Every structure is written in structure tokens, then in C-alpha cells.
Amino acid sequence: MDFMVFIYGLLIGSFLNVVIYRLPKDENIAFPPSSCPSCQARIAWYDNIPLLSYILLRGRCRSCGNRISIQYPLVELANGLLYIRFIRHFGFNIDFIFYALMGSVLLAICLIDLKEMIIPDSLVLTILGLSIIHKAINFFVYDINPNILTSLGGLLIAGGFFLLIVLLTGGMGGGDVTLIGALGFVLGLRLILLNILLSFVLGSIISLILLATKLKTKKDPIPFGPFIIVAFFVVLLYGDRLFYWYFNLFL
Ligand SMILES: [Zn+2]
């Protein structure tokens, strides 16, 4: 089962690379078929096998020999590993399907924010839409309480808090506001607060390391989306345990 899910994750990861490359340029995601960014040569199907083709071609385009970005196999691998982690956590059920889809969209957002410093609204809306459908199916098919109030609370309070930060400091972008709002809807009020706390801790640590190692200067903008997203994955998988541990520390 793990292996099948891993392969499936690699294939979706391969599609994510197309989204990451084309969406910020407003290009059609489905057409035309993939081509080499350096020489525009069409990439044959046997050179487009996730992970494997990169290794067999030793990271170079078959026609022009230019380097293929390591980002392509890394995104595929990350998505494959994410799916394995999720199937072990959720089991094979509706929760797995929806969180795997959301996880992939978040991975795309993470890479686009790192590369282009933007968070596309279309992807944030996809997260929100997936979460609404997920909750609706859980409610109508499995009779599970969708906790709509805590979800709306999470959306409004997390989004409102980040909006305040943007208005007061200008330190974040509008994309961070909508992203944290959508994730607030997914997680609900209690866990999104943990997500926010963790993203600030992560952001401070990584920023200090980047400044200390002189990889970035104080003037370089550092995108915040990736911190929100890494923190989201931690909270989704370990949130309840973290919450328990955190309060045991003080009570
Ligand atoms: Zn080429």
C-alpha cells in the first residue's frame, strides 16, 4: 500500500512541477505538453517519468544537455513522502484523499512563494474549496460534525490577525492573509492558533540562521508562506499531542 501511494504521490508531484512553473506566468496548465526550458524540445514520455528520468538522464536535458533543475525531482520526492506520511496517519479513507490533495496544493504554494514571492489566490481558494467539500462529505455521508463555527472562527480570527500585521507593519503580503485564513478554516480556531505560533517560531529561527550565515541581508525579503505551510503539516499530524505537551508545561 505504501509503495502504491508513493508512486501516486510522485505522479501528482510531477504535475505540481508544471503548476509551479506555469501558474505564475499565467500559462495554461494542461497544454502544451512539457518542453525543456532551455531548448524548448518536447520532453518524451520516457524522459518524463518522475524521479527515475532525472536519475537516468543524470540531471541533463536529452537534446541540449543543459542542467535540469533539481527542484523537479525534489518536489516529486517531497510529494511522494508526504503521501506515505499521510496514509500512515489517516489510513486509506476520505480524510487521506482530501488532506493529500490539500498537501499537494500547499507544496505548490510553498515553492511558488519561495521562487516568486507570491501566493496565487486560485490555489488558496482551491484549499478552501477542498475543505468545504471534505466537511460536507463528512457531514452528509459519515454523519461527522463539521464544526463549522470553529472553522469560521479560525478563518476570521487568523485572517484578521494577519491582516492587522500587514496593515500595521507591512511585513507580510496579502497572500499570507488569505492563506492563513483558509488554513484557519481547515484546522479550526484552536489548532490554527498553534499553527500561527509555530510559524512565527520557525520564521524567527530560520531568518536568524539566514542572517547569521550571511545568506540573506536585512534588506532581503523572506517569504512567510513556507513557514505557515511547514507549521500546518506539523500541526495537522501532531497538533493534539503538541497542544497537550504545551499546556502540561505550564499547568
Ligand atoms: Zn534542452
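**Exercise 1. Is the crossing of H1 and H4 left-handed or right-handed?**

Let's start with this pair of helices, keeping in mind that the model is predicted.

- Step 1. Find the two helices: H1 covers residues 2-22 and H4 covers residues 94-116.
- Step 2. Look at their axes, which come within 10 Å and cross at roughly 40°. An angle that is neither under 35 degrees nor in the range 65 to 115 nor over 145 counts as oblique, so H1 is oblique to H4.
- Step 3. Now for the hand: the crossing of H1 and H4 is right-handed.

**Exercise 2. Work out which residues of H1 and H4 meet, and what kinds of residue they are.**

- Step 1. On the H1 side, pick out Ile 12, Leu 16, Val 19 and Ile 20.
- Step 2. Their partners in H4 are Ser 104, Leu 107, Ala 108, Leu 111 and Ile 112.
- Step 3. Sort the residues of this contact by type: 8 are nonpolar, 1 is polar and none is charged.

**Exercise 3. Take Leu 16 from that contact and decide whether it is buried or exposed.**

- Step 1. Place the residue: Leu 16 belongs to helix H1.
- Step 2. Count its surroundings: 21 other C-beta atoms lie within 10 Å of Leu 16. A residue is buried if that count is 20 or more, so Leu 16 is buried.
- Step 3. List its contacts, leaving aside neighbours within four places in sequence: Leu 16 is in contact with Val 75, Asn 79, Ser 104, Leu 107 and Ala 108.
- Step 4. For a separation to try in the viewer, go from Leu 16 to Lys 135, 119 residues apart along the chain; their C-alpha atoms are separated by 24 Å.

**Exercise 4. Describe how helices H7 and H9 are arranged and what lies where they meet.**

- Step 1. Locate H7 at residues 174-187 and H9 at residues 225-250.
- Step 2. Their axes come within 10 Å and cross at roughly 10°. Angles under 35 degrees count as roughly parallel, and H7 and H9 are therefore roughly parallel to each other.
- Step 3. In H7, the residues that meet H9 are Gly 175, Asp 176, Leu 179, Ile 180, Leu 183 and Leu 187. Facing them in H9 are Gly 225, Ile 228, Phe 232 and Val 235.
- Step 4. By type, this contact of H7 with H9 has 7 nonpolar residues, 2 polar and 1 charged.

**Exercise 5. Find the largest nonpolar core and say which helix gives the most to it.**

- Step 1. The largest nonpolar core has 52 residues. Those with the most contacts inside it are Ala 108, Ile 109, Leu 183 and Ile 228.
- Step 2. See which helices take part: H1, H3 (71-90), H4, H5 (121-140), H6 (148-169), H7, H8 (189-212) and H9 each supply at least two residues.
- Step 3. The top contributor is H4, which gives the most to this core, with 12 residues.

**Exercise 6. Follow Met 117 from its place in the chain to its contacts.**

- Step 1. Met 117 sits in the loop between H4 and H5.
- Step 2. Check the backbone: phi of Met 117 is positive, about 60°, although this residue is not a glycine.
- Step 3. With 15 other C-beta atoms within 10 Å, Met 117 is partly exposed.
- Step 4. Not counting residues up to four places away in sequence, Met 117 touches Pro 221 and Pro 223.
- Step 5. Gly 173 is 56 residues away from Met 117 along the chain, and their C-alpha atoms are separated by 8.8 Å.

**Exercise 7. Examine the backbone of Pro 32 and Leu 51 in the loop between H1 and H2.**

- Step 1. The loop that holds Pro 32 runs between H1 and H2 (52-56). The peptide bond from Phe 31 to Pro 32 is cis, with omega near -10°.
- Step 2. Leu 51 is also found in the loop between H1 and H2. Its phi is near 65°, a positive value in a residue other than glycine.
- Step 3. Leu 51 has 18 C-beta neighbours inside 10 Å, so Leu 51 counts as partly exposed.

How values were computed. Residues are numbered from 1 along each chain as its sequence is written. This is a predicted model: local features need pLDDT of at least 70, side-chain atom pairs count only at pLDDT 80 or more; totals for chains, interfaces and linings use all residues. Axes are lines fitted to C-alpha atoms, for helices over the stretch in contact, and angles run from 0 to 180 degrees between N-to-C directions. Helices (H or I, at least four residues) and strands (E, at least two) are DSSP runs, numbered from the N terminus. A crossing is left-handed if the near helix is turned anticlockwise from the far one by less than a right angle, and right-handed if clockwise. Two residues are in contact if their C-beta atoms, placed from the backbone, lie within 7 Å. Ala, Val, Leu, Ile, Met, Phe, Trp, Tyr, Cys and Pro count as nonpolar, Asp, Glu, Lys and Arg as charged, and the others, Gly among them, as polar. A nonpolar core is a set of buried Ala, Val, Leu, Ile, Met, Phe, Trp, Tyr and Cys residues joined through C-beta atoms within 7 Å. A residue is buried if 20 or more other C-beta atoms lie within 10 Å of its own, exposed if 12 or fewer, and partly exposed in between; C-beta atoms are placed from the backbone.
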